[in-house]
Amino acid sequence: MDEEPGSETKEALVSAFAEFGGTYLRDIWLFDQHDFEMLFLREDVADKLETVDVEKFVDNERFGFITRDTYDQLYYASYQYTVRGFTDFEQFRMFFDDEERNVGVFASFDLQPSGYDYESLYRHVSDIASGYDVPTVTSDER
């Protein structure tokens with residue numbers, strides 16, 4: 001049986017985020033300019049997403065493709081990742097280096113009083129991803 005293209009890369013990504021967040025990991029989403037794919041979704045979070053238009057949420061994350069280019073043109077340092085704080089969780093987003101297409105990933109984690117070392121997560125995911133092809137987003141039936 002053939003595996004889905006890029007499934008090994010996606011498994012490595014899920015493993016990296018799970019290692020970082022443990023039981024506090026809520027969800028992981030892979031996205032490009034046109035599609036998105038859920039890589040991981042905790043059951044209690046799935047219940048909450050029933051009332052959310054996930055497609056619109058992902059569309060908002062796609063603006064990051066534009067702002068990443070803007071940051072790279074405006075600043076002397078390169079853009080790496082974004083973290084957003086919400087009342088129930090924090091969301092981490094980063095992009096993969098690929099000259100032919102834009103691919104990003106975002107994940108959320110339960111809030112923790114001591115916070116998270118997102119720089120460490122960025123380096124870890126980047127290191128793991130460097131050993132694989134940039135993942136291809138496979139549209140889920142929505």
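Two strands are taken to pair if DSSP finds at least two bridges between them, while helices (H or I, at least four residues) and strands (E, at least two) are themselves DSSP runs, numbered from the N terminus. The model is a predicted one, in which local features need pLDDT of at least 70 and side-chain atom pairs count only at pLDDT 80 or more, whereas totals for chains, interfaces and linings use all residues. Residues are numbered from 1 along each chain as its sequence is written, and side-chain values use heavy atoms, with hydrogens and water left out.

**Exercise 1. The hairpins**

Task: Determine how β1 and β2 are joined, and how many residues lie between them.

Solution. Begin with the bridges: 5 of them join β1 to β2, and the two strands run antiparallel. Within this pairing, Leu30 stands opposite Glu37 in β2. The connection is a hairpin, with 3 residues between β1 and β2.

Turn next to β3 (residues 81–85), which is joined to β4 by 5 bridges in an antiparallel arrangement. Here Tyr81 stands opposite Met94 in β4, and β3 and β4 likewise form a hairpin with 3 residues between them.

**Exercise 2. The surroundings of β4**

Task: Establish which residues of β4 are buried on each side of the strand, and what pairs with β4 through 8 bridges.

Solution. Buried means under 20% relative accessible area, exposed means over 50%, and partly exposed lies in between (1.4 Å probe, protein chains only). On one side of β4 the buried residues are Phe89, Gln91, Arg93 and Phe95, and on the other they are Glu90, Phe92, Met94 and Phe96, so that both faces are covered. Since 8 of the 8 residues of β4 are buried, the strand is largely enclosed by the rest of the structure. The partner is β5, which runs antiparallel to β4 and is joined to it by 8 bridges; in this pairing Phe96 stands opposite Val103.

**Exercise 3. Helix α1 and its cover**

Task: Find the span of α1, list its buried residues, and state what covers them.

Solution. The expected span of a helix is 1.5 Å times one less than its number of residues. Helix α1 (residues 7–21) has 15 residues and reaches 21 Å from its first C-alpha to its last, close to the 21 Å expected. Its buried residues are Ser7, Thr9, Lys10, Ala12, Leu13, Ala16, Phe17 and Gly21. An α-helix has 3.6 residues a turn, so residues three or four places apart point the same way. The cover over the buried residues of α1 includes β1 (25–32), β2 (36–41), β4 (89–96), β5 (103–110) and α4 (118–130). After the helix comes Gly22, with a positive phi near 55°.

**Exercise 4. Arg42 and Asp110**

Task: Is Arg42 buried or exposed, and which polar contacts does its side chain make with the side chains of Asp44 and Asp110?

Solution. Arg42 is placed in the loop between β2 and α2 (43–49), and with a relative accessible area of 17% the residue is buried. A polar contact is a pair of N or O atoms within 3.5 Å; within protein, one must be able to donate a hydrogen and the other to accept it, and residues adjacent in sequence count only if both atoms are side-chain atoms. The side chain of Arg42 makes such a contact with the side chain of Asp44 at 2.6 Å, and another with the side chain of Asp110 at 2.9 Å. In addition, the backbone oxygen of Thr23 lies 2.9 Å from a polar atom of the Arg42 side chain.

Asp110, in strand β5, also counts as buried, at 17% relative accessibility. Contact means heavy atoms within 4.5 Å; not counting residues up to four places away in sequence, Asp110 touches Thr23, Tyr24, Arg26, Arg42, Asp88 and Tyr116.

**Exercise 5. Asp59**

Task: Locate Asp59 and give the polar contact between its side chain and that of Arg62.

Solution. Asp59 is found in helix α3 (residues 54–74) and is partly exposed, with a relative accessible area of 38%. The side chains of Asp59 and Arg62 are joined by a polar contact of 2.3 Å. The C-alpha atoms of Asp59 and Gln33, which are 26 residues apart along the chain, are separated by 8.5 Å.
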